[in-house]
Amino acid sequence: MPVVELSYSNLQKLIGKSSKKQISESLPFLGLDVESEEGDLVRVEYSPNRPDYSTDFGIALGMQGLLGVKTGSIKLNIKKSNYVIKVDPTVSKVRPFVTGIIAKNGKVDDKMIKQLMTMQEDLHFGIGRKRKKSSIGIHDLDKISFPLTYTVANRNHSFIPLTSQNTMTITEIIQNTEVGKDYGALLGNSSNVPIILDSKKNTVSFPPIINAAVTTVTHKTMNLFVEVTGINKQDAEDMLAIVATILQSAGFSLYGVKITGANNSSPKLVPRKLIISPNLINDSLGLKLTTSKIITSLKKSRLDAEAKGKNIICTIPAYRFDIFGPMDLVEEVALGYGIQNLEPMMSPSQTIGQTNPVSVKLKLLSLTMVGLGYLEVLNSSLTSKRILYEMTNRKPAKIISVRDSKSQEHTILRDSILPSLVENLSRNIHASYPQKLFETGTIFLQGDPIDEKVSFVGVSAHQDASFTEIKSILQSALKSTFNLEIETATLANPIFEDGRSASVLVNGKSVGIIGEINSQTIENYKIRVPVVGFEINLSGLIFD
């Protein structure tokens, strides 16, 4: 979890009408864990889904609400301007989106620079997914000549990068600088890379790697230009909303930037609305709050709210992209109401907990497989079409996709675990063989409702891996654990080699598949040895 160092005296100035004791006692109820205190300084740990807490300005905004100094949503005051970024269509294939904002007439000192850098890196690591999805650049506005052009350049393009005094080409920056080595791979092998140029053709930024030295922010800087580039427009604007909110809170005046060209548009940074029922809030928290009290609690969490009929319409500022649905608002009500005001109660249930019988059986199976020399793994139920179908030559059946997934890759529920285990092997091709993995987990099949089944899967990879070996492993596991005998009947399956796969039968009923993974799949994953595997359905076999 990220940690930020704060000054109590500075927080008092920013919050207003507060004492050090009040702040110290209230920090945990804002969702912050106090790591250490020394004199005027306190180090707190915050959740990565609240990057606005990476600066004392963001924490002060939250604390103002909690202490009742200022409540309700923080409203961005963005003035119109003539600043323009023109987007060249050539960037659409490398890093298609750019957005930005201007912040003027603020005070930048060493502490401010440090906090901006901390916030920038926290945003890169979190919502930016280590700069892959989006990255941010903060520049001295007075060193830039508008309009800007977001375009591409070849790898011989040169400029003086941040912290350097020498001109370097793109290739040299990627190969010879620490930041280039860390993030250069994000650009792949493309001969062209994204670049931001000003009207005088001076390089402003080489996203997502490094800014130009000429725009370095110093303690003499009064006006800032913030640019965000990425592969997803909404992620870029979410990141910009955080920075804009913090800069406005730090005393800067905000001005909009017009973005034109190549499917780009100017950032809106407008609030959104969610409807929630007071009954859901009270049932979830075990309280009997009136609608008025719920609205007050939401406003103390720096949101806006109003009653409409039997529901409450909540207005959420752009920087609170961590709020997805009604249950997130329940949490905000709890924070605004005061965690310390919630009274713990004994559960009315008198039942005594016990281990689920299914878990007992699966535990026995796991112990058996470990005894047979296999290593247990645990893959996510969310996976990708690439892993589940494309790499293993399986034909997409009835795919169950996740709506509004925040992941660009993991967007579908798995209908088989075997492809994931093969993918696991591909990530360990430099480790010694044999490699033997197994997993018991849930797969999902289309139905109304969705049909969930427990699958048992194993793979073995080494030079002498064979059908006979993997069949004996499956037979031993089921026989010793559940006293089940298996038989096999020839059956073709696209994930297995032709003529080297079979259906697994128990009491004459097909419960799964087994065989040697086909050579094309092994080649796709660059695995250097033969692989064999099985997958059987335990639902209906050892439990209902």
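Trainee: How many helices and strands does the protein chain have, and what kind of model is this?

Mentor: The protein chain has 15 helices and 29 strands, and the model in front of us is a predicted one. Along its principal axes, the C-alpha trace of the protein chain spans about 80 × 70 × 50 Å, and 51% of its 544 residues count as buried.

Trainee: How is the protein chain divided into domains?

Mentor: The domain assignment gives domain 1 (3–66), domain 2 (78–260), domain 3 (272–339) and domain 4 (357–537). Between domain 2 and domain 4, the C-alpha centres lie 45 Å apart.

Trainee: Why is helix H13 said to be largely enclosed by the rest of the structure?

Mentor: Helix H13 covers residues 418–426, and 9 of its 9 residues are buried, so the helix is largely enclosed by the rest of the structure. To count as buried, a residue must have under 20% relative accessible area, and the residues of H13 that are buried include Leu418, Pro419, Glu423 and Asn424.

Trainee: Why is Leu364 called partly exposed?

Mentor: The relative accessibility of Leu364 is 44%, whereas buried requires a value under 20% and exposed a value over 50%. Because 44% falls in between, Leu364 counts as partly exposed. Leu364 is found in helix H11, which runs over residues 357–371.

Trainee: What makes the nonpolar surface patch to which Leu364 belongs?

Mentor: The patch is made by Val360, Leu364 and Leu367, and its area is about 260 Å². A residue of a patch needs over 30% relative accessible area, and Leu364, at 44%, meets that cut-off.

Trainee: Which residues lie nearest the centre of the largest pocket?

Mentor: Of the 25 residues that line the largest pocket, Met117, Gln120, Glu121, Leu162 and Asn211 lie nearest its centre. Elements that give two or more residues to the lining are helix H4 (110–125), strand E7 (134–140), strand E12 (203–206) and strand E13 (210–211). H4 gives the most, with 6 residues, and the space in the largest pocket comes to about 530 Å³.

Trainee: What makes the peptide bond from Phe146 to Pro147 cis?

Mentor: The peptide bond from Phe146 to Pro147 has omega near 0° and is cis, and Pro147 itself lies in the loop between E7 and strand E8 (148–154). The peptide bond from Pro207 to Pro208 is likewise cis, with omega near 0°, and Pro208 is found in the loop between E12 and E13.

Trainee: How do you know whether Leu269 is buried or exposed?

Mentor: Leu269 has a relative accessibility of 11%, and because the cut-off for buried is under 20%, Leu269 counts as buried. Leu269 is found in the loop between strand E16 (258–260) and strand E17 (272–276), and its phi is near 50°, a positive value in a residue other than glycine.

Trainee: What is the phi of Lys526, and is that residue buried or exposed?

Mentor: Lys526 has a positive phi of about 60°, although it is not a glycine. Its relative accessible area is 60%, and since exposed means over 50%, Lys526 is therefore exposed. The place of Lys526 is in the loop between helix H15 (519–524) and strand E29 (531–537).

How values were computed:
Residues are numbered from 1 along each chain as its sequence is written. This is a predicted model: local features need pLDDT of at least 70, side-chain atom pairs count only at pLDDT 80 or more; totals for chains, interfaces and linings use all residues. Side-chain values use heavy atoms; hydrogens and water are left out. Buried means under 20% relative accessible area, exposed over 50%, partly exposed in between (1.4 Å probe, protein chains only). Helices (H or I, at least four residues) and strands (E, at least two) are DSSP runs, numbered from the N terminus. Patches are made of residues with over 30% relative accessible area and no salt bridge: like charges are joined within 9 Å, nonpolar side chains (Val, Leu, Ile, Met, Phe, Trp, Tyr) within 5 Å. Accessible areas come from the Shrake-Rupley method with a 1.4 Å probe; for residues, only the protein chains shown count as cover. A salt bridge is a side-chain nitrogen of Lys or Arg within 4 Å of a carboxyl oxygen of Asp or Glu. Domain bounds come from an automatic or database domain assignment. On a 1 Å grid over the protein atoms alone, a cavity is a set of points where a 1.4 Å probe fits but cannot get out, and a pocket is an open set with protein on both sides within 12 Å along at least five of seven lines; lining residues have an atom within 4 Å of a point. Grid points are joined across faces, edges and corners, and a volume is the space filled by probe spheres set on the points.
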